[in-house]
Each structure stands twice: as structure tokens, then as C-alpha cells.
Amino acid sequence: MSSMLEIGDLHISYGQVDAVRGISLSLERGQIISVIGPNGAGKTTLLAAAMGLLPCSGTLRFEDQSLAALDVESRVERGICLVPERRELFGELSVLDNLQLGAYSRRLSRSAFKARLESVFARFKRLAERRTQRAETLSGGERQMLALGRALMSAPRLLMLDEPSLGLAPLVVREILNIVSDLRDEGISILLVEQNALAALEISDYGYVLETGEVALHGKSDSLVRDPRVRATYLGGATDDD
Ligand code: ATP
């Protein structure tokens, strides 16, 4: 397998606060890596730095090339896309307009744009039915679908998702994570940040547990699910039958 994203000894500070303290992480092509950990562990900060939204020290490499000199737009052009925790949709705009904005940075021909839009609507039938509806009137699950659909409009090769299950009912969480799993099967590499540790580990290949800005534990997802420390702290002492 070839390397998609390599993060080495990453440090990120907000003034006096060292939010990320020497994190290293590696994502192979076509994998889902999950990053779990408590509030304030540095998960969102890590994604923001990988996207180019925050200054950092250490190494960040995408498809074997350094990202250091690339701004956010250039990273999007290379195929990196972040779906932030707050979704950041344009509430007063329609579903269709939001999707259109997702394709903006890729300067697509009209036919390529139409093809991509149709593939998003084929995946998210509910978005197709609601294409003229304002984003702010969508349900929480539909909004997350729109955030994912908008990201797919930029044809990402690396998708970074910040807590896609946040605030959603269990059935909707399952639906969203199934879609994330399908995207991996279609070849998109995924860095998944989740508080919902069990759900994330169930669909990912490898997991990292962050605590106070450091990697406390990492390993294959199925072995992390069985790890007594992970079970006690993040899975609420869940048993295999849960
Ligand atoms: P959560 O699961 O609650 O979203 P997280 O693991 O994503 O948490 P971060 O949001 O990355 O954690 O925060 C990591 C640390 O950085 C926290 O201590 C937080 O208070 C601090 N921090 C985050 N954003 C800022 C900011 N803009 N200014 C100052 N400190 C910040």
C-alpha cells in the first residue's frame, strides 16, 4: 500500500496552550484511520493543521510531497478536503447552491460538474429530493449528508471528517458511517475524528487514541476495540455482545 498522509512530530500551539504535542500518524491509500479521544485532546486542531488552517511545526506529507508550502486552496486542489464539525453550510442557500460551492475550487467543466452532481444525488437521494430547499431547514442528518455531498463535489482523495456523528440519532449515525465506509471502498482515504469511539473503530482500519495533545495508544482498530484501557475509558466498559 502507498502512503497517503504522513504526519510526523507535529506541534501546534494557541499562544501558551500546546494543543498538539508531537503527534505522528500515517494513513495508507484506501484506509480509514480513526482518531478518538476526550474533549480537548487536540483532534480538531490536528485536522485544521493538516488542512492548512493553522500554523504548525513538524512534517506533513501528502502522497509523498510536503504540504508545508501549500495554502488551503492548493491543498484542496491536490485532493484534500475537510468536513468541519460545525458543517459550515450556507444556511440561506439551497442544497444545490451549497453543492455548487463545493465544486468551486476545482474549476470543472459544465459536463464534469453535472456528472459529479448526479453522482452525489445518486448517493444521497434525500438531497436530490430537497435540491431547492434551504440548507438551514434540513434535519441534522440531512445537513451532515449535504456537508459530505459538498465535500465529494471537490473529488477528494483524502477526506477528513470532524465528528460526523455529532448530534445525530443512532440510526442516522449508522447511515452516515455506512456511507463513510462505502467511500473508503470506492478508494477515498479517510481520516475520521470521532467522540463515538466504538462506531468509529468499527468502520476503520487503524486507530489513534489522543490524550492531551499526544498519541496515547494506536493500533489496528479491531485490537483497540479489545484493549482493556480503550474499553474502560472510551467504550464505557462495553462487552463484545454490545
Ligand atoms: P472536542 O472533542 O471537544 O472537539 P478536540 O480533541 O477536537 O476536542 P481541540 O478542539 O483540538 O480538541 O482542542 C485542543 C486544545 O486546544 C484544547 O485545550 C482547547 O481548549 C485548545 N484550543 C482549541 N482552539 C483554541 C483556540 N482557538 N484558542 C485557544 N485554545 C484553543
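Q: A salt bridge puts a side-chain nitrogen of Lys or Arg within 4 Å of a carboxyl oxygen of Asp or Glu; how many does this structure hold?

A: Side chains of opposite charge can pair when their charged atoms come close. Here there are 11 salt bridges. Keep in mind that this is a predicted model: local features need pLDDT of at least 70 and side-chain atom pairs pLDDT 80 or more, while totals for chains, interfaces and linings use all residues. Residues are numbered from 1 along each chain as its sequence is written, and side-chain values use heavy atoms, leaving out hydrogens and water.

Q: Which residue forms a salt bridge with Arg123, and where does each partner sit?

A: The partner is Glu186, and the closest N and O atoms are 2.6 Å apart. Arg123 belongs to helix α4 and Glu186 to the loop between α7 and β8, so to speak two distant parts of the chain, 63 residues apart. Helices here are DSSP runs (H or I, at least four residues), as are strands (E, at least two), numbered from the N terminus. Arg123 is partly exposed, with a relative accessible area of 29%; that label covers what falls between buried (under 20%) and exposed (over 50%), using a 1.4 Å probe and protein chains only.

Q: What does the salt bridge between Glu175 and Arg126 tie together?

A: Glu175 lies in helix α7 and Arg126 in helix α5, so this pair joins parts 49 residues apart in sequence. Their closest N and O atoms are 2.8 Å apart. Glu175 is partly exposed at 32% relative accessibility, and Arg126 is partly exposed at 29%. Two other cases to look up: Arg134 and Glu136 meet at 2.8 Å, N to O, and Arg29, Glu63 and Arg157 form a network of salt bridges.

Q: How do I read helix α6, and what do its buried residues pack against?

A: Try its span (expected: 1.5 Å times one less than the number of residues). The 13 residues of α6, 140-152, should span 18 Å, and the end C-alpha atoms are 18 Å apart, which agrees. The helix is mostly covered, with 11 of its 13 residues buried, including Met145, Leu148 and Leu152. These buried residues pack against β6, α3, α4, α5, β7 and α7, where contact means heavy atoms within 4.5 Å.

Q: Which residues of α7 are buried?

A: They are Val173, Ile176, Leu177, Ile179, Val180, Ser181, Leu183 and Arg184. Their cover includes β3, α4, α6, β7, β8 and α8. The 16 residues of α7 should span 22 Å, and its end C-alpha atoms are 23 Å apart, which agrees. After α7 comes Gly187, with a positive phi near 105 degrees.

Q: Which residues have the most contacts inside the largest nonpolar core?

A: In soluble globular proteins, nonpolar side chains tend to be buried together. A core here is a set of buried Ala, Val, Leu, Ile, Met, Phe, Trp, Tyr and Cys residues joined through side-chain atoms within 4.5 Å. The largest has 48 residues, and Leu159 and Ile190 have the most contacts inside it. Apart from that core lies another of 29 residues, among them Ile7, Met51, Leu158 and Tyr208. Beyond its neighbours within four places in sequence, Leu159 touches residues including Cys81, Leu148, Leu183 and Ile190.
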